[in-house]
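Biologist: Got a minute to walk me through this one? I'd like to start in the middle and work outwards.

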Amino acid sequence: HLKSVVITAKDKICFMKETQCNPEYCPYAKGHFDRINEAMYDLLIHEESFSREIIEQYAHKHQVCPFEFCLDMSLFADSIIGDYNYLFDPHVYLKRFFGENSSGNYIFLVDEAHNLLERGREMYSATLVKEEFLALINGLLEAEEEEEENHKNVLFKQGFAHSIIKQLEKCNKEMLVLKRECEGCCIVENIDNVVQPVLRLHAVIESYLEENEEGILPVKEQILDLYFKLKHFLEIYEGLDEKYVKYMQLREDGTFFLKLFCVDPSNNLKECMRRGRSSVLFSATFLPIQYYKKLLGGEEKDYEVYANSVFQPEKRALLVAKDVTSKYTRRSEEEFYRIAEYIDAVVKRKHGNYMVFCPSYALLEEIFTIYRENFNDESTECIMQTDFMDEISREDFLKKFEGNLECDLQSDIGMEIEYDEDRYLIGFCVLGGIFSEGIDLKNDSLIGAIIVGTGLPQVCYEREILKDYFDEQGEFGFDYAYRFPGMNKVLQAAGRVIRTADDIGTITLLDERFLQPSYLKLFPREWENFQIVDRSSVLKTVERFWDSWL
């Protein structure tokens, strides 16, 4: 019997309003070690799957910290399920399994591995922000003024504050030198003048923290936050190689930062995977495979397996529009109206639930507004993804697709679901966002996806750095920085429609660029029978598809 544990992030599983691992604040932390052995024994003899719900149930029963409970139960599990961080993050990885005396007798199964590339770049990059040094200086000076009557504070009594301020000022001075040399964004070769004061500042803060382990003192959280950022920056700096680019940028709001940008995380990821015996990376959108294999740490001898789809191709209509686009040079009210016209033609041929994916919030709002003003009627309900949706709003959004809910998106969870077969539901979402991958709307929950644009990331300094770097490596930099990541978003969004062997649905690609050879070669082999449509033919094409199944 295989025992498994799901490790849930501390912020999500914590029972308290604020995640403070302080016995004086949290009753689950107070006396945790007195009760944890009994809790673990109780769980071990009564359960085999240590899911989040089970962990929370037993943590409440025994009054122990649920997050630490997860980690302790991992020592008694055969299968550990968690975020990438627990294997790949240089600070968060599970040291209890990967220390010097580790057997390394593990197999790593990495799901949705197409996401590991950008996550890897994020985990192995590091940034220093000039304004954060100034903010801490001001915080310390303000705290010192308020501390005149309390001479017990180690921060001020032993002179740590003045030492920290002195080193902060030196760091800020060197960052200011770089800032004066920077116009917009530029590559920088030598940053030794910044690293030296950062090293000294890190050492001074570390000494203070060793002397001041208990209690929350003025600006303590601010100091801790900067300390961990400095620690990460210095660790990344020690491991710099040719797969990094050092650059600095002056933002439009006046803030200035220096970044050690990991453009190619393959070495770092490979080193982490060598902690086990074998790794299997899998995804439904691993195209082009050599691109991912190279950047995720694969070697030439490693196997690549393309699994044939189990779904019947005739149950899916794949349509590519040849007369609309989301290119910046063509964006206009007229073009947005034509896109909305396509959406209406695809949707109104069969009652049901549809999702429209747009490349940005700005374009999403434009098309949403035009559609509602020109094509919406009483039988159609349109809902739109908004920026920074909380978990309740996300769940309510998805519940609409499980049945057309007669409720507001902000209403409470637990409502009764009523499905109306004579209505249309259209969810307008952002391509690459929270609803374009990782959701599982089966059967009639979603019968069509309409994808506007090729998903290309917005042009920015960092994308241009990626493009230039891979150009210099002899690759096609535009593909690596823009086309491949964009196409992956498209494939993920299209994959929301056919989730089971019984599903039937339409996928519509609204951009003429998909018909270019550079995009056609990125289509998975299951897409070989696509149909080219225009505004005059799309309605009949969709109608014929549904007539063949009704």
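**Cores, helices and charges**

Modeller: Sure, and keep in mind that this is a predicted model. The largest nonpolar core has 130 residues, and F69, F88, M355 and L509 are those with the most contacts inside it.

Biologist: Which helix gives the largest share of this core?

Modeller: Helix 19 does, with nine residues. As a rule, nonpolar side chains in soluble globular proteins tend to be buried together.

Biologist: What does M355 touch, leaving out residues up to four places away in sequence?

Modeller: Counted that way, M355 contacts F397, L398, F401, G427, C429, F435, I439, L441, L446, G448, A449 and I450. Another core, of 36 residues, lies apart from the largest one, and V324, Y371, Y424 and V452 are among its members.

Biologist: Okay, helices. Which residues of helix 18 are buried?

Modeller: R463, I465, L466, Y469 and F470. They sit on the same side of helix 18, because the arc they cover around the axis is only 155 degrees.

Biologist: And what do those buried residues of helix 18 pack against?

Modeller: Quite a list: helix 7 (116-123), strand 6 (185-187), strand 7 (244-250), strand 8 (256-262), helix 14 (289-295) and helix 19 (477-494).

Biologist: How far does helix 18 reach from its first C-alpha to its last?

Modeller: Helix 18 spans residues 461-472, twelve residues, and reaches 17 Å, close to the 16 Å expected at 1.5 Å a residue. After helix 18 comes G474, with a positive phi near 85 degrees.

Biologist: Now helix 21. Which of its residues are buried, and which are exposed on the other side?

Modeller: V538, T541, V542, F545 and W546 are the buried ones in helix 21. Those residues share a side of helix 21 because their arc around the axis is only 130 degrees. K540, R544 and D547 are exposed on the other side of helix 21.

Biologist: What does the buried side of helix 21 pack against?

Modeller: The buried residues of helix 21 pack against strand 10, helix 15, strand 11 (352-358), strand 15 (505-510) and strand 16.

Biologist: Changing topic: how many salt bridges does the structure hold?

Modeller: It holds 31 salt bridges. One of them pairs D42 with K61, whose closest N and O atoms are 2.7 Å apart. D42 is in helix 2 (residues 32-46) and K61 in helix 3 (residues 52-62), so the pair, 19 residues apart, links distant parts of the chain.

Biologist: Are D42 and K61 buried or exposed?

Modeller: D42 is buried, with a relative accessible area of 9%, whereas K61 is exposed, at 56% relative accessibility.

Biologist: What about D323, which side chain does it meet in a salt bridge?

Modeller: That would be R535, at 3.8 Å from N to O. D323 is in the loop between strand 10 (316-321) and helix 15 (333-347), and R535 is in the loop between strand 16 (531-533) and helix 21 (538-547), so this salt bridge ties together parts 212 residues apart in sequence. D323 is partly exposed at 22% relative accessibility, and R535 is partly exposed at 39%.

Biologist: And where is E341, which also meets R535 in a salt bridge?

Modeller: E341 lies in helix 15, so its pairing with R535 ties together parts that are 194 residues apart in sequence. The N to O distance there is 3.4 Å, and E341 is partly exposed, at 31% relative accessibility.

Biologist: Which residues are linked in a network of salt bridges?

Modeller: K270, R274, E299 and K301 are linked that way.

Biologist: Last topic, cysteines. How many disulfides does a search of the whole structure find?

Modeller: Zero. Take C185, which is in no disulfide: the nearest cysteine sulfur belongs to C182 and is 6.5 Å away. C185 counts as buried, at 17% relative accessibility.

Biologist: Why is C262 without a bond to the closest cysteine sulfur?

Modeller: Because that sulfur, in C272, is 11 Å from the sulfur of C262, which is too far for a bond; a disulfide needs the two sulfur atoms within 2.5 Å. C262 counts as buried too, at 0% relative accessibility.

Note on methods. Residues numbered from 1 in each chain as written. Predicted model: local features only at pLDDT ≥ 70, side-chain atom pairs only at ≥ 80, totals over all residues. Heavy atoms only, no water. Buried < 20%, exposed > 50% of the residue type's maximum accessible area, 1.4 Å probe, protein only. Helix = DSSP H or I, 4+ residues; strand = E, 2+ residues; numbered from the N terminus. Expected span 1.5 Å × (residues − 1). Arc of directions from axis to C-beta. Contact = heavy atoms within 4.5 Å. Core = buried A, V, L, I, M, F, W, Y, C linked by side-chain atoms within 4.5 Å. Salt bridge = Lys/Arg side-chain N within 4 Å of Asp/Glu carboxyl O.
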